[in-house]
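Biologist: I would like to go through the strands and helices of this model. Please keep the answers short.

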Amino acid sequence: MPATPAWPPKSLPRLFVRQSLSEGASVALEAGQANYLGNVMRLGVGGELLVFDGQSGEWLARIAEAGRKRMVLAVERRTREREAVPEVWLAFAPVKRAQTDWLVEKATELGAARLLPVITQRTIAERVKLERLEAIAAEAAEQCGRTTLPDIAELVGLKQLLDGRDASRRLYFADEEGGEPAISGFTPGPALILTGPEGGFTAEERAMVCASPGAVAISLGPRILRAETAALAALAAFMAIAGDWRG
Ligand code: SAM
């Protein structure tokens, strides 16, 4: 007896839409999305896809109207509730644009709830384009099956991040100069993981971070990881030890 194929089929395209979704809603797609469905996925009127708005879960939709650069979807029914992602935030010093894009894409896949770009004394990138990072996070969420998007905060200075920090959210500071092994350092609960720039934190910054209430220095092993590697290694380790990889 052939197995019943999974529903919805994994092959259905998935799109993030800004409009709030509900049963029977009509959604006009952005030109880029209409082009993607029409010309890349070769879908026309009647074609099925999955959509999510980051708030209300995932929905089955059908193409109701299709024009050259225009498409309107009819939302049929919810296929999945909004999933809960672990309360883990990643504060990282932006690096070169391509590496920062990559970091945001991977951190979305790994399940970060919030991304906080931080300026430190040795940060090379003085500004980040939020809209661009949000588009990268949306595409990564479409790919990895998330129904939520990580919130991406405005760029702030390290002192501002620490001063504005809610002490009930545990601060894990990835310190290449040594710290708690991740396996014993990370514990379940709201977390803020902080990783440094390519040139590392200055001694003054290290002192400021260590003085922040409840801060825990975490070692990511004996090798010096590149800034973007360290950010993702710390997030992955947290998810495995204290996050939703534990099932
Ligand atoms: N300061 C270093 C240097 O001598 O150039 C390197 C900084 S490292 C490229 C960038 C950031 O990644 C560090 O600030 C730290 O947050 C993190 N990092 C890299 N390797 C690490 C490790 N083995 N353990 C903990 N954090 C690490």
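Modeller: A hairpin joins β4 to β5 through four residues. Bear in mind that the model is predicted.

Biologist: In which sense do β4 and β5 pair, and over how many bridges?

Modeller: β4 covers residues 58–66, and it pairs with β3 (residues 48–52) over five bridges. Its pairing with β5 (residues 71–80) is antiparallel. One of the pairs sets Ala66 against Met71 in β5. The count for β4 and β5 is eight bridges.

Biologist: Which residue in the turn between β3 and β4 has a positive phi?

Modeller: β3 and β4 are antiparallel. Phe52 has its bridge partner in β4, namely Glu58. Five residues lie between the two strands of this hairpin, and the phi in question is about 85 degrees. The residue is Gly54.

Biologist: Why is one side of β1 and of β2 left without a neighbour in the sheet?

Modeller: The sheet is open, with five strands in the order β1-β3-β4-β5-β2 and mixed pairing. β1 (14–16) and β2 (26–28) stand at the edges, so each has a single partner strand. On average, neighbouring strands are turned by 40 degrees against each other, direction ignored. For β2, three antiparallel bridges lead to β5, and there Ala28 stands opposite Val72. The reason is the edge position.

Biologist: At what angle to β1 does α3 run?

Modeller: Take α1 (residues 31–40) to start with. It lies across β1, β3, β4 and β5, at about 175 degrees to β1. α3 (residues 130–144) also packs on the sheet, touching β1 and β3. Its direction makes an angle with that of β1 of about 150 degrees.

Terms used
Residues are numbered from 1 along each chain as its sequence is written. This is a predicted model: local features need pLDDT of at least 70, side-chain atom pairs count only at pLDDT 80 or more; totals for chains, interfaces and linings use all residues. Side-chain values use heavy atoms; hydrogens and water are left out. Two strands pair if DSSP finds at least two bridges between them. Axes are lines fitted to C-alpha atoms, for helices over the stretch in contact, and angles run from 0 to 180 degrees between N-to-C directions. Contact means heavy atoms within 4.5 Å.
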